[in-house]
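Got the viewer open? Here is a short tour, with something to select at every stop.

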Amino acid sequence: MSRKVVNVAAGVITREDGSFLIGQRAPGTFYPGYWEFPGGKVEAGESPADALKRELDEELGIRVERLYPWLVREHAYEHAHVRLHFFEVPQWQGAVNDHVHSALAWVQPGHVDRSPMLPANGPILKALRLPRRMGITCAAAMGVAAQLDALDQALAQGLGMVQVREAGLDARERRAFATEVVRRAHAVGALVVINDDEALADEAGADGLHLPARRLAELTQRPAFEWVGASCHSREELERAAALELDYVLLGPVKETLSHPGQPALGWDAFAALRADLPMPVFALGGLDDADMTDARLAGAHGVAAIRSCWRTPRRD
Ligand SMILES: Nc1nc2c([nH]c(=O)n2[C@H]2C[C@H](O)[C@@H](COP(=O)(O)OP(=O)(O)OP(=O)(O)O)O2)c(=O)[nH]1
């Protein structure tokens with residue numbers, strides 16, 4: 001029997017050190033003792049964003065000053081089928097003064113030492129481990145040595161994720177380059193995904209695989225890597241990536257870009273409309289740099305992916 005969907009708004013309240021707030025559900029609620037992101041049910045006539053502002057005021061006594069739409073995930077519990085609208089809340093006013101949870105904790109992505117989490121929240125914790133900036137390599141154009149130097153600089157300045165995309169290098173060079181990227185990135189805890197080459201991703205010890213749209217269209221099941229993402233340009237491709245339960249996607253070009261001249265730019269409004277209600281993080285791509293991060297987050301992007309700008313003047317995530 002199909003059940004009514006209950007809309008819920010939940011906030012990833014994030015401090016400048018990257019930690020976020022979780023609360024333990026009180027006795028007498030569904031799943032007592034489980035940890036969750038603060039939030040609650042969307043009331044009739046309310047938008048999810050307004051519901052979150054109201055809930056955070058009622059539950060924690062804080063007033064939201066900025067909020068970014070992030071992910072929408074559905075989960076069928078025994079008591080309800082919920083549609084969870086997750087937002088990030090990077091700015092608020094007032095001291096946190098909890099009225100509903102048994103306990104609160106500030107935790108770091110990848111180091112959540114409280115359990116159990118509500119069953120729907122596993123993919124959310126994984127998504128929070130994804131850095132906000134992805135650099136896409138262009139060693140074939142820049143030269144391998146220059147690319148590796150630029151990579152070191154970017155990693156030193158906090159770049160958290162690298163996509164090796166080197167169809168222009170021959171197989172031997174590509175293997176050596178990918179292995180070196182993984183070595184340098186892993187030394188500072190950054191993730192590496194390899195474009196379109198499962199064997200190379202395995203050989204180089206990368207964290208995952210990045211699928212071009214062409215490969216995404218052919219796939220019937222998620223490849224067996226910890227991190228799998230894809231490049232998308234349409235709602236159909238985005239929905240396919242969601243159905244395959246991929247961990248992230250790139251969507252663009254948002255602006256005109258030198259690497260894809262003549263390809264029409266989406267702009268932020270079309271970007272926001274295309275990515276609405278997706279269950280996985282979406283990186284904005286195409287002619288962007290660090291200065292675009294706030295616009296990207298306001299349009300619902302998880303972060304920004306870049307080729308050229310990433311290897312010029314990178315800044316901290
Ligand atoms: N707040 C919150 N709810 C979550 C998360 N993950 C998750 O599956 N849920 C589910 C659990 C519940 O079924 C539903 C939230 O309902 P709730 O009972 O806490 O909502 P509420 O605060 O409006 O409470 P009430 O009106 O029922 O008293 O969403 C999460 O991270 N935060």
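**Stop one: around the ligand**

Start by selecting the ligand and its surroundings: 17 residues surround it, and the closest are Glu36, Gly39, Gly40, Lys41 and Ala120. Keep in mind that this is a predicted model. Now colour the shell by class, and you should get 10 nonpolar, 5 polar and 2 charged residues.

Which strands each supply at least two residues of that shell? Select strand E1 (5–13), strand E4 (39–41) and strand E6 (81–93) to see them. E4 gives the most, with 3 residues.

**Stop two: the annotated site**

Stay with E4 and click on glycine 39, which lies in that strand. UniProt, in an unreviewed entry, places the feature "binding site" at Gly39 and Glu59. The two span 21 residues in sequence, yet their C-alpha atoms are no more than 7.8 Å apart, so they gather at one spot.

Is glycine 39 buried or exposed? With 25 other C-beta atoms within 10 Å, glycine 39 is buried, because 20 or more is enough to count as such. Leaving out residues up to four places away in sequence, light up what glycine 39 touches: Val8, Ala9, Ala10, Gly11, Leu52 and Glu55.

Next, jump to glutamate 59, found in helix H1 (residues 48–60). Glutamate 59 has 19 other C-beta atoms within 10 Å, so it is partly exposed. Beyond its neighbours within four places in sequence, the contacts of glutamate 59 are Pro38, Asp98, His99 and Val100.

**Stop three: the annotated domain**

Select residues 3–132, where UniProt (again an unreviewed entry) places the feature "domain: Nudix hydrolase". Put a distance label on the two end C-alpha atoms of the span and it should read 36 Å. In secondary structure, residues 3–132 are 15% helix and 39% strand.

**Stop four: backbone oddities**

Most residues other than glycine have a negative phi, and most peptide bonds are trans. The next selections are exceptions.

First, the cis bonds. Zoom in on serine 115 and proline 116, which are joined by a cis peptide bond with omega about -5°. Proline 116 sits in the loop between strand E7 (103–107) and helix H2 (122–128). Then go to glycine 252 and proline 253, where the peptide bond is also cis, with omega near 0°. Look for proline 253 in the loop between strand E13 (248–251) and helix H9 (267–275).

Now for phi. Tyrosine 31 is not a glycine, but its phi is positive, at about 50°. You'll find tyrosine 31 in the loop between strand E2 (20–24) and strand E3 (35–36). Tyrosine 31 is partly exposed, with 14 other C-beta atoms within 10 Å.

Aspartate 277 is another non-glycine with a positive phi, this time about 65°. The place to look is the loop between H9 and strand E14 (282–285). Aspartate 277 is partly exposed as well, with 14 other C-beta atoms within 10 Å.

**Last stop: zoom out**

Select the whole protein chain and switch to cartoon: there are 10 helices and 15 strands to count. Along its principal axes, the C-alpha trace spans about 60 × 40 × 35 Å. A compact globule of 317 residues would have a radius of gyration near 20 Å, and the chain's 20 Å agrees with that.

Colour by burial and 41% of the 317 residues come up as buried. Finally, turn on contacts between residues at least 6 apart in sequence: 61% of these join residues at least 24 apart.

How values were computed:
Residues numbered from 1 in each chain as written. Predicted model: local features only at pLDDT ≥ 70, side-chain atom pairs only at ≥ 80, totals over all residues. Helix = DSSP H or I, 4+ residues; strand = E, 2+ residues; numbered from the N terminus. Rg over C-alpha atoms; globule rule 2.2 N^0.38 Å. Buried ≥ 20, exposed ≤ 12 C-beta atoms within 10 Å, placed from the backbone. Contact = placed C-beta atoms within 7 Å. Near = placed C-beta within 6 Å. Nonpolar A, V, L, I, M, F, W, Y, C, P; charged D, E, K, R; others polar. UniProt positions renumbered as here; feature names shortened; annotations may be inferred.
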